[in-house]
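User: I'd like to go through the odd backbone spots in this one. Can you take me through the reasoning behind each label?

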Amino acid sequence: MESATSTKPHLVLFPWTGTISHVIPMTDLACLLASHGADVTIVTTPVNAAIAQGRVDRFTAEPAHAAAGITVTAIPFPGADAGLPEGCERLDLIRSPDDVPRFFAANKAHGEAVARHCLRLRLRDAPRRPPSCVISGMCQTWALGVARDLGVPCYVFHGFGAFAMLCIERLYEHRPHEAAASPDECFDVPDLPPPLVCRGLTSRQLPPHFMPPASVGGKALQGMREFDRAADGVVVNTFEELERGSAALLAEATGKKVVAVGSVALCRSPGLDTPQSMSDDARRCMAWLDGKEPRSVVYVSFGSAGRMPPAQLMQLGMALVSCASPVLWIIKGADSLPGDVKEWLRDNTDGDGVASSKCLVVRGWAPQVAILAHPAVGGFMTHCGWGSTLEAVAAGVPMATWPFFAEQFINERLVVDVLGIGVSVGVTKPTENVFTAANAADGGEAEAVAEVVGMEQVKKALEALMDHGPEGEERRKKAQELKLKAKGALEEGGSSYNNLENLIQSFA
């Protein structure tokens, strides 16, 4: 343990607890910072601390990182005081739309408790140097006050890519959505230089930043914008070669330091998860993949919060089981599906990992990084969450894009139109999420509108994704080129490596 006189910078991280897909990248960021010589403290809630600690333990199990200085601190989450069920410490764990405002109230009170804890870190008998910098996840707007009380800089880590954040800045500046005659009228994001393009967006497809202030969660999101403007800089999970100058343009647009440090998921050696350390589901996935031909499998997953309405899931399922390629399909929330859908899944898919089966279904969690890295995987149908997008890029796997909500429609434009490594399924409307459900329950108009993408439309996208003609091979070539660049960015002398070094040295 470092003494109080250590010269190591000490960075304190506050992950946003919206979904697990925000907690994990910030934990990986902590691991990267520690691998570059910083002391790092992750401060979060007990449920999320357990996830972070497990990831940190796997990282420090590698001999090269055994001495990494990472501490995970759990501060009790006052959910019960706000009327939340026990353990409801992320938005993706809430059970009712009514719990959304309660969650934000509890999050604010949690921030007050975190502030008290961080101020104690300044005591002389603290085991480490006092904090040198605060890096906060989105919506943890209380972090700015903590940083100011500590007298240190405050950086924001959104979990979005630089291109999406640049588009958000351009939308705030030019507001083309306000001139649209209807929520479904298309417009382009202005003032993006070639080769960056973001065409054909609609108001429904915009990130939650543009929700009306009176909507459920709208006030908190408006506070997030004010937080962004007051923060000292932005840390982005990307690498400079991926987003074609977006990070530099974002810095110019915001007047802030923008530090590209990704892909953070590459902080761990891919061989660390041995079969012995994997869950039964994970071992079943990997064994099933071992029996498939190279680049033959379509991997289908829509992230930690992705839930399809039963009618849509059935259309997707019929497309997948009739697909010429073997399919590995991850379904979240399977236990809550209607009985007839469960029966269809039982009769038409395999849940046991039978080597000869054509469609393996996993109900819950699967080792996505390991799956994408498997040589049998030739395509990824994804919701375009930024973490999943980066993991596909790092694995060199082309994508079929099916955005659900948040900034995912913007990410789709990057994958398909800018990078040329994806094909669009053709989704035009967002899927219901915690915010739209809460607004509907509150008597407002839901932003998400029912849209069922038919089986034939899905099959067409799958065929394009797995096509081995000139277009398909060109996508694979571009994906493989980006894979090499992602790896190189974090190697010594790479763009993300140098950015991490410079960031840490600025606090030394």
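User: What places proline 195 in a loop?

Analyst: This is a predicted model, and in it proline 195 sits between helix H5 (162-174) and helix H6 (218-230). Residue 195 falls in neither of those runs, so we call its place a loop.

User: And what makes the bond between proline 194 and proline 195 stand out?

Analyst: The peptide bond there is cis, with omega at about 10°.

User: Where is the cis bond that involves serine 263?

Analyst: That one runs from glycine 262 to serine 263, and omega is near 0°. Serine 263 belongs to the loop between strand S7 (257-260) and helix H8 (280-290).

User: What is unusual about phi at cysteine 384?

Analyst: Phi is positive, about 70°, although cysteine 384 is not a glycine. You'll find cysteine 384 in the loop between strand S11 (377-382) and helix H12 (386-395).

User: Is cysteine 384 buried or exposed, and how do you know?

Analyst: Buried means under 20% relative accessible area. Cysteine 384 has 0%, so it counts as buried.

User: Why is alanine 406 called buried, given a relative accessible area of 18%?

Analyst: The cut-off is again under 20%. Alanine 406 comes in at 18%, therefore it gets the buried label.

User: What about the backbone of alanine 406, and where does it lie?

Analyst: Phi of alanine 406 is near 55°, a positive value in a residue other than glycine. Alanine 406 lies in the loop between strand S12 (399-401) and helix H13 (408-418).

Notes
Residues are numbered from 1 along each chain as its sequence is written. This is a predicted model: local features need pLDDT of at least 70, side-chain atom pairs count only at pLDDT 80 or more; totals for chains, interfaces and linings use all residues. Side-chain values use heavy atoms; hydrogens and water are left out. Helices (H or I, at least four residues) and strands (E, at least two) are DSSP runs, numbered from the N terminus. Buried means under 20% relative accessible area, exposed over 50%, partly exposed in between (1.4 Å probe, protein chains only).
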